[in-house]
Amino acid sequence: MPQPESHLFEVTLFVKGWQEPVLDLKLPVWTPGSYLVREYAKHLQDFSADTGDQRNRLLARKISKNHWQIETANTSEITVRYRVFANELSVRTNHLDSTHGYFNGAALFFFIPGWEQQPIRVTIVSPKPDWRVTTPLRSLPGEPNTFEAADFDTLVDSPFEIGTQQLYSFEVLSKPHQLAIWGQGNANPERLIEDTKKIIEVEAELFGGLPYDRYLFLLHLSSNGFGGLEHKNSCSLNYSRFGFRAKEKYNRFIQLVAHEFFHLWNVKRIRPKALERFNYEQENYTTSLWFCEGATSYYDMVIPYRAKIYDAKNLLDNLSKEITQLQMIPGRKVQPLSESSFDAWIKLYRRDANSNNSQISYYLKGEIVSFLLDLLIRARHGNQRSLDDVMRQMWQDFGIQEIGFTAQQLRDAIESVAQTDLSDFFNRYIDGTEELPFDEYLEPFGLRLLSVETGEAVPHLGLNVNAENGKTVIQFVEAASPAAVAGVDAGDELLAINGWRVTAEQLSDRLKDYKVGDTIQLSVFHQEELRTLPVTLGEPRLSRYQLVPIENSTQAQQQNFSGWLGTSLTKL
Ligand SMILES: [Zn+2]
């Protein structure tokens, strides 16, 4: 990276001992953990191959979007040179500027088909004397800035951070850990490390130890970023630089840590069959992401509670918020959870104005289904068994050996822990779109789901708006809602109600001037055309759900509750 401000990584690839007349090189189209074909090759430029002497160029041609082929002309040592544009700051892309370089192997390095198991050495040439290299890869003694990956998967699984990042080292259960922070903000590293240690200890206890020699947390502080990408021995985190002061935001960060760390077991080692061996050239389909991501999301709420970073009320409030979010998305009645997982590649990562009408996130519904499964197992076994035992069994049966599991094997594991047939549960809530029966699963724990009205009811219109450059733009129109029936379209600019201008900020308040059944005249610009549409307002929607204790709970319910959360139901 001789000119970091150009955003161009310069890569030189040395292939030695090659015996074939041609050398094929392929660039991954996606990176594990982020289920979208990202076409990393679109950022590649200036490709050339030679014998090591740039004057002796070798003939190279492109076979497909991500496939290059070199005629080796009987040379066993081939040097390939190319540049990769890196100006996207996210955990799954590359970013290079005057402050640092960050890359993911899948977005930077070729693999040689058939030779993915060979070890690979990487040497980083630092552009500035004070830039250092941080990566989970093993460094080679005596060779500065040189690292070795056992195979291509390991290379892809090992992000690099190069710059003046702050570096902190700490130990948990006798294993070395590092936290590297790029960017400025209001994070307090000592506090982060203290809480991260607690998270690591609680998760290690759940799975019975830490299955790595060394672990790296790579944290990017950015303006409004949020994201994480899990790896076997590290994770990349992107978080808003001033998001560490307010309690709620800090907790969200801790959940992100708990989430990505949990993945080192669930999804990095306990993998669905389709992800046992990654195919870097195309989509890898699985119906089990609801477990990989959903169960992980459920635990990212539970683990900080067990680590005593927040209390039981906090946990229940968090679950209530997630349930509210799920119940507000009409797509939950359209797309089954297993299908949401399968179609991640074309839907979850490619959202559009209709997404909330037609799909449900396998993170969101997956975590709530995991919650219900936890309650189901606990209720049947008096808290002597739980979803923890499912995690441990999946770890024993598949994770340790890294054998891929099928959807049926996952279900078998859950059923064997629960000691009951779950065909009905799977048919209805995982492969079907039936509403989740919250109260049925909450009742044994002395809880119920209360629908809460906050403030004055707003007659239902069925659209969401956003203020954009002084305009009020309709982002989403709920299928079959009053607005949809009247012909209002996502993308329309909202102008007025009954001839009077209305802004995004005023909309909800202005609707309170009308009653259910009233017809209002809604004016919009639809592709520059002024339209005034009569809309008949519907029944107000409830604003949120809350998990609350039921009145007069029995002793059995109180026992179940304290067995689950280790605190008293009556103290809530
Ligand atoms: Zn995740």
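Biologist: Which residues of H2 meet H3?

Modeller: In this predicted model, the H2 side of the contact consists of Arg191, Leu192, Asp195, Thr196, Ile199, Ile200, Glu203, Leu206 and Phe207. Their counterparts in H3 are Tyr250, Phe253, Ile254, Val257, Ala258, Phe261 and Phe262. Sorted by class, the contact between H2 and H3 holds 12 nonpolar, 1 polar and 3 charged residues.

Biologist: How do I read the geometry of such a pair?

Modeller: Two packed helices are described by two quantities, the angle between their axes and the distance between those axes. Here the axes of H2 (residues 189–207) and H3 (residues 247–262) come within 10 Å and cross at roughly 40°. H2 and H3 are therefore oblique to each other. Their crossing is right-handed.

Biologist: What order do the strands take in the open sheet of 5 strands?

Modeller: The order is E14-E15-E16-E18-E17, and the pairing is mixed. At the edges stand E14 (166–172) and E17 (226–230), each pairing on one side only. From one strand to the next, the twist averages 15°.

Biologist: How many bridges link E17 and E18?

Modeller: There are 5 bridges, and E17 pairs with E18 (residues 234–240) in the antiparallel sense. For one position to find on screen, look at Leu229, which stands opposite Ser236 in E18.

Biologist: And which strands does H2 touch when it packs on the sheet?

Modeller: H2 touches E14, E15 (175–182) and E16 (215–222), and its direction makes about 35° with that of E14. As for H3, it lies across E16, E17 and E18, running at about 160° to E18.

Biologist: Let's move to the sheet of 3 strands. In what order are they arranged?

Modeller: That open sheet has the order E1-E6-E3, with antiparallel pairing. E1 (8–15) and E3 each have a single partner strand, so one side of each is left without a neighbour in the sheet. The twist here averages 15° from one strand to the next. E3 is joined to E6 (residues 78–85) by 5 bridges, and Gln45 has Arg83 as its bridge partner in E6.

Biologist: Leu27 caught my eye too. Is it buried or exposed?

Modeller: The reading rests on relative accessible area, where buried means under 20%. Leu27 has 1%, so it is buried. Leu27 sits in the loop between E2 (22–26) and E3 (44–50).

Biologist: Which residues does Leu27 touch, leaving out those up to four places away in sequence?

Modeller: Leu27 touches Tyr40, Ala41, Leu44, Asn66, Ala106, Leu108, Phe109, Phe110 and Phe111. For a sense of scale, the C-alpha atoms of Leu27 and Asp492 are separated by 40 Å, and these two residues are 465 residues apart along the chain.

Biologist: Last topic, backbone angles. What is the sign of phi at Asn145?

Modeller: Phi of Asn145 is positive, near 55°, in a residue other than glycine. Asn145 belongs to the loop between E11 (138–139) and E12 (146–149). With 29% relative accessibility, Asn145 counts as partly exposed.

Biologist: And where is Glu528 placed?

Modeller: Glu528 lies in the loop between E24 (519–526) and E25 (529–536). Its phi is also a positive value, about 75°, although Glu528 is not a glycine. Exposed means over 50%, so Glu528, at 76% relative accessibility, counts as exposed.

Note on methods
Residues numbered from 1 in each chain as written. Predicted model: local features only at pLDDT ≥ 70, side-chain atom pairs only at ≥ 80, totals over all residues. Heavy atoms only, no water. Helix = DSSP H or I, 4+ residues; strand = E, 2+ residues; numbered from the N terminus. Buried < 20%, exposed > 50% of the residue type's maximum accessible area, 1.4 Å probe, protein only. Contact = heavy atoms within 4.5 Å. Pairing = 2+ DSSP bridges. Axes fitted to C-alpha atoms, helices over the stretch in contact; angles between N-to-C directions. Parallel < 35°, antiparallel > 145°, perpendicular 65-115°, else oblique. Left-handed = near helix turned anticlockwise from the far one by under 90°. Nonpolar A, V, L, I, M, F, W, Y, C, P; charged D, E, K, R; others polar.
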